[in-house]
There are 2 protein chains.
Amino acid sequence: MEGEIVARYEGVSPSVIRRLPRYYRFLEDLQKKDVHRISSRELSQLMNLTASQIRQDLNCFGGFGQQGYGYNVDALLGEIGNILGLHKGYKVILIGAGNLGLAIAKHMSFETKGFNLIGIFDKQKELIGMPVRHLVISDVNRLENFCKTFSPQVAILCIPREEAPELADRLVNYGIKGFWNFSHYDLAMDYQDIAVENVHLGDSLMTLCYEISEILE
Amino acid sequence: MEGEIVARYEGVSPSVIRRLPRYYRFLEDLQKKDVHRISSRELSQLMNLTASQIRQDLNCFGGFGQQGYGYNVDALLGEIGNILGLHKGYKVILIGAGNLGLAIAKHMSFETKGFNLIGIFDKQKELIGMPVRHLVISDVNRLENFCKTFSPQVAILCIPREEAPELADRLVNYGIKGFWNFSHYDLAMDYQDIAVENVHLGDSLMTLCYEISEILE
């Protein structure tokens, strides 16, 4: 079934895929507000996109919109969720329980985004044993055993840049297939067949700097 | 002078602008490693882009590369920094000193990204007075006075979604011209002539979910 979905949408450009989470968020909000049908014009105003951009993006997936009816919010939400795989519940571990790691562990809604957080690790003795959500922070030395036993597929790296390459290598050896990487070190270049999302918050801040200078000067 | 730069680069697409911080990061790394000259082929391997994409992007800015010589790392770094405005030192305040706010306040290198962090605010009494870097967390009730006195241009919102619209309105009234917004509420739609970078970490996690499902299934 899932294989079919992937095959059905092969050839969809990465930039369309990258926009899907945003559609998903807006559609989810609409559903929460009990809106079940929306025209591409209304959706475009809401999302600050052109209606033609929306039609183009969503047509890639077979077109859920009907002329004169608009989009069925529930059907579209379900389908985008399927495409993204948000029902998969991939097992994820988080390494580095500093402020950023804790913020993510505590506040990210993993369950609605395709993941299930099953472990948090740190090397600092003071943090080990501290409860976070339904988990307790474990010693990073126990990573190998943990991975052998529970086979997590994804690791979140909230560790310093200089520790990232070595730890990522180890984790790949332990069977990790994907990284959500906050370490300021770009992992993508080093691995084949490993999914990587490098998050560079500084890039977003530099972009804001450009935007604000355009406004102020 | 800056006006000239902006004018010189008018018409450059937002997607090119959005890629500049990544170029900046890689060029900065090269400079730190004492590399002062690089071919577009080498740069493309490093950044996992095609050489023609790099030439296209950088040609927008007048072409710093020379046939047979490659790019002058220092000149290119300086110019991209100028375009982004990273020397501006815009005054920024941070609101919400939870785990995420503290992670950003403590670890983000504002100075190298165009900003100067001049205030941190929270409403929780226990946090007020706590030292963070060179600052002390202030009561959010003092925002208005603070803004009148020090005229920050940008606010970082690390507050819950439901508090974002009202607080953003107030901050715009206090003269704030840009937001770095982590509140899960999209601000862009509500304001004209205000720069907004909405950071949705969940979008990145959903994209990773898609990528990992492509690998595993």
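# Worked exercises on a two-chain model

Skip the neighbours within four places in sequence, and B:E197 is in contact (heavy atoms within 4.5 Å) with A:S204, A:T207, A:L208, A:E211, B:R18, B:F179, B:W180 and B:N181. Before we start: this is a predicted model, where local features need pLDDT of at least 70 and side-chain atom pairs count only at pLDDT 80 or more, while totals for chains, interfaces and linings use all residues. Residues are numbered from 1 along each chain as its sequence is written, chains are lettered from A and ligands numbered from 1 in the order in which they are written, and side-chain values use heavy atoms, with hydrogens and water left out.

## Exercise 1: a glutamate in a strand

Work out where B:E197 lies, whether B:E197 counts as buried or exposed, and which side chain makes a polar contact with the side chain of B:E197.

Step 1. Find the element: B:E197 belongs to strand β10 (residues 195–198) of chain B. Helices (H or I, at least four residues) and strands (E, at least two) are DSSP runs, numbered from the N terminus.

Step 2. Check the accessibility. Buried means under 20% relative accessible area, exposed over 50%, and partly exposed in between (1.4 Å probe, protein chains only). B:E197 has 6%, so it counts as buried.

Step 3. Look for the partner: the side chain of B:R18 is in polar contact with that of B:E197, at 2.7 Å. A polar contact is a pair of N or O atoms within 3.5 Å; within protein, one must be able to donate a hydrogen and the other to accept it, and residues adjacent in sequence count only if both atoms are side-chain atoms.

## Exercise 2: the interface

Describe the contact between chain A and chain B, starting with the area they bury between them.

Step 1. Get the area. Chains A and B bury about 5800 Å² between them, with 68% of it on carbon and sulfur atoms. Buried area here is the accessible area (1.4 Å probe) that two parts lose on being put together, summed over both. A:N99, A:L205 and A:M206 supply 12% of the area that chain A buries against chain B, more than any other three residues.

Step 2. Count residues: the contact takes 64 from chain A and 64 from chain B.

Step 3. Count the pairs that cross. The rule finds 20 residue pairs in polar contact across the interface (both at pLDDT 80 or more). On the side of chain A that touches chain B, the largest share, 16 residues, comes from α9(A). That side divides into 35 nonpolar, twelve polar and 17 charged residues; Ala, Val, Leu, Ile, Met, Phe, Trp, Tyr, Cys and Pro count as nonpolar, Asp, Glu, Lys and Arg as charged, and the others, Gly among them, as polar.

## Exercise 3: salt bridges

Which salt bridges can you trace between the chains and inside chain A?

Step 1. Set the rule: a side-chain nitrogen of Lys or Arg within 4 Å of a carboxyl oxygen of Asp or Glu. That gives 24 over all chains, and twelve across the interface of chain A and chain B.

Step 2. Go across. B:R161 and A:D29 meet at 2.9 Å, N to O. This pair runs from the loop between β8 (154–157) and α8 (164–173) of chain B to helix α2 of chain A. B:R161 is partly exposed at 34%, and A:D29 is partly exposed at 21%. B:E211 also bridges to A:R18, with the closest N and O atoms 3.4 Å apart. A:R22, A:R25, B:D186 and B:D203 are linked in a network.

Step 3. Stay in chain A. A:K125 and A:D139 meet at 3.2 Å. They are 14 residues apart, with A:K125 in the loop between β5 (115–122) and β6 (131–132) and A:D139 in strand β7 (residues 135–139). A:K125 is exposed at 54%, whereas A:D139 is buried at 15%.

Step 4. Take one from a helix. A:K148 and A:E144 bridge at 3.7 Å. Because the two are four residues apart in helix α7 (residues 143–150) of chain A, about one helical turn separates them. A:K148 is exposed at 62%, and A:E144 is partly exposed at 36%.

## Exercise 4: aromatic rings

Classify the pair formed by B:F121 and B:F146.

Step 1. Start from the total: ten aromatic pairs over all chains. Rings of Phe, Tyr and Trp (its six-membered ring) pair if their centres lie within 6.5 Å; planes under 30 degrees apart count as stacked, over 60 as edge-to-face and the rest as tilted.

Step 2. Apply the rule: B:F121 and B:F146 sit 5.1 Å centre to centre with 80 degrees between the planes, giving edge-to-face. The pair links strand β5 (residues 115–122) and helix α7 (residues 143–150) of chain B, 25 residues apart.

Step 3. Add accessibility: B:F121 is buried at 0%, and B:F146 is buried at 14%.
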